[in-house]
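Student: I have the sequence and the coordinates open. Can we go through the labels and ask what earns each one?

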Amino acid sequence: MIRIFLALVFVVAAIPLHAENSLNDTLVVRIPYMEREAAHRVYADELLRLALELSKDKYGPYQIVQQRQETVIRRQLLEVEAGKNLSLAVSMPTPEWLEKTQIVQVPIMKGLASYRLFLASDKNQAMLKNINTLKELKALTIGQGQGWSTAKILEDNGFNVMHGGPYATLIPMLKANRFELLMRSIYEVGPELNAYKRTMPDLTIVNNFGLYTYLPMYFFVSKNQPLLAERLTYGLHSAHKNGQLNKLFESHFTEALKRLRNKQRKTFFLTNTNIDKSFFEQDKPYLLKEIVELEKQSRKK
């Protein structure tokens, strides 16, 4: 009997005191607060809930808790790394994110963020219509926020970049002609034009050229929650397989997809210096056909 008792003691002692989650526990998922309802953030939150719901039978119940104050992307990285205030965040991959957090490598935006358009002042439209080469584009200054992965890509490719603070500071800088162009994703330019037209009446979208560089977007999870990363991978794969991911995506990005399919616009191609080509190859089954075609074109350049 003593031997059996001791054996049971050793078995119990071997069980972790703080297991991350079990089927009877409620998994708490802490996400960033969103002050400005950007389409991709609304979509990402809905997709997160869908992935958690589709994985509930296998992984158990969950609760999503949102922060009370907005944090910039660099701060989100620090908090996801610490794993206390944030369980995950949405970001494009950079060496820092890849090193300090755990990637869930399903490209949630289907590659749509890869196509970039520009906001500008209408008074510069005549000059911008004469941009025909990458060299001419590089002669202009492009505005970017602090910590944006796209800023590094532009700088690595020889562009002039003017850094601002949070996004709200960039439109006044564009209005004051601190830079000629503000680069945004193809799904951001329309809503942002509508949002800021009142404070900058001559704000416009540059329609004669755009820029492509493969820019996937993923959920990045705290390394303290490996089971959450596993669960999201399972849930996202399920959503992709049953068609719910595509349906949700199309419900949010109809107008952006129309812009993407505009064949009249000249496209400049850049290398994404934050990642290697293996990301595209792994992501390819999830991507829009237009993005796959643009990537083919970029590799011919």
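**What earns each label**

Tutor: Start with the rings. Tyr43, Tyr187, Phe249 and Phe253 make up one aromatic cluster. Keep in mind that the model is predicted.

Student: What makes Lys110 count as lying over the face of Phe249?

Tutor: The distance from the ring centre is 5.9 Å. The cut-off is within 6 Å, along with an angle within 35 degrees of the ring normal. Lys110 therefore counts as a charge over the ring of Phe249.

Student: How many aromatic pairs are there?

Tutor: The count is 14. One of them joins Phe118 and Phe209.

Student: Why is the pair of Phe118 and Phe209 called tilted?

Tutor: The centres lie 5.6 Å apart, and a pair needs them within 6.5 Å. The planes meet at 55°. Stacked needs under 30 degrees and edge-to-face over 60, so the label left is tilted.

Student: What does the pair of Phe118 and Phe209 tie together?

Tutor: Phe118 is in strand 5 and Phe209 in strand 9, so the contact ties together parts 91 residues apart in sequence.

Student: How do you know whether Phe118 and Phe209 are buried or exposed?

Tutor: Phe118 has a relative accessibility of 0%. Phe209 also has 0%. Buried means under 20%, so both residues qualify.

Student: On to charges. What makes Lys152 and Asp156 a salt bridge?

Tutor: Their closest N and O atoms are 2.6 Å apart. The limit is within 4 Å, so the pair passes. Both residues lie in helix 8, four residues apart, about one turn of the helix.

Student: Are Lys152 and Asp156 buried or exposed?

Tutor: Lys152 has a relative accessible area of 34%, and Asp156 has 42%. Partly exposed lies between 20% and 50%, so that label fits both.

Student: How do you know that Lys100 and Glu96 form a salt bridge?

Tutor: The closest N and O atoms are 3.6 Å apart. That is within 4 Å, so the bridge counts. Lys100 and Glu96 are four residues apart in helix 5, about one helical turn. A salt-bridge network links Arg74, Glu96 and Lys100.

Student: Which parts does the bridge between Glu290 and Arg261 tie together?

Tutor: The closest N and O atoms of this bridge are 2.8 Å apart. Glu290 lies in helix 15, and Arg261 in the loop between helix 13 and strand 11, so the bridge ties together parts 29 residues apart in sequence.

Student: Why do Glu290 and Arg261 get their accessibility labels?

Tutor: Glu290 has 14%, under the 20% limit, so it counts as buried. Arg261 has 43%, which lies between 20% and 50%, so Arg261 is partly exposed.

Student: Last, the pockets. What is the volume of the largest pocket?

Tutor: About 1200 Å³. Its lining has 48 residues, and Val72, Ile73, Gln76, Gln146 and Trp148 are the closest to its centre. Helix 2 gives the most to this lining, with five residues. By class, the lining holds 23 nonpolar, 14 polar and 11 charged residues.

Student: What lines the second largest pocket?

Tutor: This pocket has a volume of about 360 Å³. Of its 18 lining residues, Leu270, Thr271, Asn272, Glu295 and Ser298 are the closest to the centre. Strand 11 and helix 15 each supply at least two lining residues. The classes are eight nonpolar, five polar and five charged.

Note on methods: Residues numbered from 1 in each chain as written. Predicted model: local features only at pLDDT ≥ 70, side-chain atom pairs only at ≥ 80, totals over all residues. Heavy atoms only, no water. Phe/Tyr/Trp six-rings, centres within 6.5 Å; stacked < 30°, edge-to-face > 60°. Buried < 20%, exposed > 50% of the residue type's maximum accessible area, 1.4 Å probe, protein only. 1 Å grid on protein atoms, 1.4 Å probe; cavity = no way out; pocket = protein on both sides within 12 Å on 5 of 7 lines; lining within 4 Å. Points joined across faces, edges and corners; volume = space filled by probe spheres on them. Nonpolar A, V, L, I, M, F, W, Y, C, P; charged D, E, K, R; others polar. Salt bridge = Lys/Arg side-chain N within 4 Å of Asp/Glu carboxyl O.
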